[in-house]
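Good morning, everyone. Please open the structure on your screens and keep the sequence beside it.

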Amino acid sequence: VKKIVLKNLNKQDPVKASKLDLHEISDMYKGLDRKFDTEKIWKFIVRDIGRQKKVLDLGAGRDLEFFKTINVNYTGIDISKIPEIIQDDILNPKGEWKNKDYDVVLMLNLIPVIERIEKGSGIKLLNYWKTKSRYIVLSFPLYSLSGRKNIGGFWKSYIKNELTSEFSIIGNDIVVVIRGDL
């Protein structure tokens, strides 16, 4: 919230601009069937890179519901206060979880959100976690919040220009699997 307010201080009505940004960011996950989407993406990951045991889920939301049903060592991080999920700011973490290594780091629909808060933060976060994981799995939305506007072209271009990676379409998500340095 502090970052958003500071970003909007130069606007004519900083409170109104900050409130609008906060609503847009929180709405990016509204209506997303996380358990169903996470399960589809996880099945794709297992098929593509094999079963992994130690999973870090950044911007976890309610993904824990799915991960309770499979055999993995799961660590979820989110800014929301959700039972069994570590509450922390992934851009300025304070917890011990950031100093550990993981088999897979999930950043599902995370880059679109953090890029709204701080430009360039997606690549910065990705580069950090490449050094601490075997794989990073990113997803990007194909459609706008309303579901009417196709925004997949924008994210495909972002992937091509910023990540120089191949991608797959899984349901309503663009999924990218990046090999880490471990």
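Let me start with one pair of side chains, those of Arg134 and Asp103, which meet in a salt bridge with N to O at 3.9 Å. The model is a predicted one, and that holds for everything I say today. The pair links distant parts of the chain: Arg134 sits in strand β5 and Asp103 in strand β4, 31 residues apart. Are these two residues buried or exposed? Arg134 counts as partly exposed, at 32% relative accessibility. Asp103 is buried, because its relative accessible area is 19% and the cut-off for buried is under 20%.

How many salt bridges are there in the whole structure? A search finds five, and I will show two others from that search.

One joins Lys132 and Asp101, with 3.3 Å between the closest N and O atoms. Here too the pair links distant parts of the chain, 31 residues apart: Lys132 is in the loop between α6 and β5, and Asp101 is in the loop between β3 and β4. Lys132 is buried, with a relative accessible area of 14%, whereas Asp101 counts as partly exposed at 37%.

The other is between the side chains of Glu84 and Lys68, at 3.0 Å from N to O. Glu84 lies in the loop between β2 and β3, and Lys68 in the loop between α4 and β2, so the salt bridge ties together parts that are 16 residues apart in sequence. Glu84 is exposed, with a relative accessible area of 59%. Lys68 is exposed as well, at 54%.

Stay with Glu84 for a moment, since its backbone deserves a look. Most residues other than glycine have a negative phi. Glu84 is not a glycine, yet it has a positive phi of about 70 degrees. Asn109 is another non-glycine residue with a positive phi, of about 55 degrees. Where is Asn109? It lies in the loop between β4, residues 102-108, and α5, residues 111-117. Asn109 counts as buried, at 10% relative accessibility.

Now to the strands. β5, residues 133-141, pairs with β7 in the antiparallel sense over seven bridges. Within that pairing, Leu138 has Val176 of β7 as its bridge partner. Which other strand pairs with β7? Strand β6, residues 168-170, does, also in the antiparallel sense, over three bridges. There, Ile169 is the bridge partner of Ile174 in β7. β6 and β7 form a hairpin with two residues between them, and Gly171 in the turn has a positive phi of about 60 degrees. β7 itself, residues 173-179, is mostly covered: five of its seven residues are buried.

Last, the protein as a whole. How many helices and strands does it have? There are seven helices and seven strands. In sequence order, the pattern is α-α-α-β-α-β-β-β-α-α-β-α-β-β. Of the 182 residues, 45% count as buried. Among contacts between residues at least 6 apart in sequence, 61% join residues at least 24 apart. The accessible surface comes to about 10,300 Å², and 52% of that belongs to carbon and sulfur atoms.

To finish, go back to where we began: find Arg134 in β5 and Asp103 in β4 on your screen, then follow β5 across to its antiparallel partner β7.

Note on methods: Residues are numbered from 1 along each chain as its sequence is written. This is a predicted model: local features need pLDDT of at least 70, side-chain atom pairs count only at pLDDT 80 or more; totals for chains, interfaces and linings use all residues. Side-chain values use heavy atoms; hydrogens and water are left out. Helices (H or I, at least four residues) and strands (E, at least two) are DSSP runs, numbered from the N terminus. Buried means under 20% relative accessible area, exposed over 50%, partly exposed in between (1.4 Å probe, protein chains only). Contact means heavy atoms within 4.5 Å. Accessible areas come from the Shrake-Rupley method with a 1.4 Å probe; for residues, only the protein chains shown count as cover. Two strands pair if DSSP finds at least two bridges between them. A salt bridge is a side-chain nitrogen of Lys or Arg within 4 Å of a carboxyl oxygen of Asp or Glu.
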